[in-house]
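Let's take a walk through this protein together, from its packed interior to its pocket. Keep the viewer open as you read.

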Amino acid sequence: MNIQIFGKSKCFDTKKAERYFKERRIKFQTIDLKKYGMSKGELTSVKNAVGLEALIDPKHPDAPLLRYLAYDADKLEKLLDDPTLLRTPIVRNGKQATVGYCPEVWARWE
């Protein structure tokens, strides 16, 4: 398994996800979204796994503006420009991915 956790340093669910994998002694890589963001390939891979709407953080003040963009490519570009719009944690395992705290899905990856 090659687990990557994309999250924000102050996000409670990101910390819970890290704890989940630590408790099971599963190695993972943590990437701070605010500091490093996501590459276009990584974001596309996650979008293909979970869908574009699942990626958008509904609590972010600019989230309603994203819904008015007509094309998915424009929404993806906006998410690349401003990674704080992404819902966290984003957990990747190869082509599989989850958004949010999803231990029931991660258990099937083991």
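Which residues does Leu79 touch, not counting residues up to four places away in sequence? In this predicted model, they are Leu43, Leu52, Leu55, Ile56, Leu66, Leu85 and Leu86. If you select these residues in your viewer, you will be looking at the surroundings of Leu79.

Leu79 belongs to the largest nonpolar core, a set of 18 residues. Leu79 is among the members that touch the most others, along with Met38, Leu43, Val46, Leu55, Leu86 and Ile90. Several elements contribute to this core: at least two residues come from each of α3 (40-50), α4 (52-55), α5 (63-67), α6 (72-81) and β4 (96-99). There is also a second, separate core, made of 10 residues, including Ile3, Ala17, Tyr20 and Cys102.

Tyr20 leads us on to the aromatic rings. Ring pairs join Tyr20 with Phe21, Phe28, Tyr101 and Trp106 in a cluster, and the whole structure holds 5 aromatic pairs. Take Tyr101 and Trp106 as an example: their ring centres are 5.4 Å apart and their planes meet at 85 degrees, so this pair is edge-to-face, a label that applies over 60 degrees. How do these two partners stand with respect to the surface, buried or partly exposed? Trp106 has 0% relative accessibility and therefore counts as buried, whereas Tyr101, at 31%, counts as partly exposed.

Phe28 from that cluster is also a contact of Glu18, so let's turn there next. Glu18 sits in helix α1, which covers residues 12-23. Is this charged residue buried or exposed? Its relative accessibility is 18%, and because buried means under 20%, Glu18 counts as buried. Beyond its neighbours within four places in sequence, Glu18 is in contact with Ile5, Phe28 and Thr30. You can also find Val91 from here: Glu18 and Val91 are 73 residues apart in sequence, while their C-alpha atoms are 9.8 Å apart in space.

Our last stop is empty space. Rolling a probe the size of a water molecule over the atoms reveals where such space remains. The largest pocket contains about 200 Å³. What kinds of residues line the largest pocket? The lining divides into 7 charged, 2 polar and 2 nonpolar residues. To trace the lining in your viewer, pick out Lys8, Lys10, Cys11, Asp13, Lys34, Asp57, Pro58, Lys59, Arg87, Thr88 and Gly100.

Conventions
Residues are numbered from 1 along each chain as its sequence is written. This is a predicted model: local features need pLDDT of at least 70, side-chain atom pairs count only at pLDDT 80 or more; totals for chains, interfaces and linings use all residues. Side-chain values use heavy atoms; hydrogens and water are left out. On a 1 Å grid over the protein atoms alone, a cavity is a set of points where a 1.4 Å probe fits but cannot get out, and a pocket is an open set with protein on both sides within 12 Å along at least five of seven lines; lining residues have an atom within 4 Å of a point. Grid points are joined across faces, edges and corners, and a volume is the space filled by probe spheres set on the points. Ala, Val, Leu, Ile, Met, Phe, Trp, Tyr, Cys and Pro count as nonpolar, Asp, Glu, Lys and Arg as charged, and the others, Gly among them, as polar. A nonpolar core is a set of buried Ala, Val, Leu, Ile, Met, Phe, Trp, Tyr and Cys residues joined through side-chain atoms within 4.5 Å. Buried means under 20% relative accessible area, exposed over 50%, partly exposed in between (1.4 Å probe, protein chains only). Helices (H or I, at least four residues) and strands (E, at least two) are DSSP runs, numbered from the N terminus. Contact means heavy atoms within 4.5 Å. Rings of Phe, Tyr and Trp (its six-membered ring) pair if their centres lie within 6.5 Å; planes under 30 degrees apart count as stacked, over 60 as edge-to-face and the rest as tilted.
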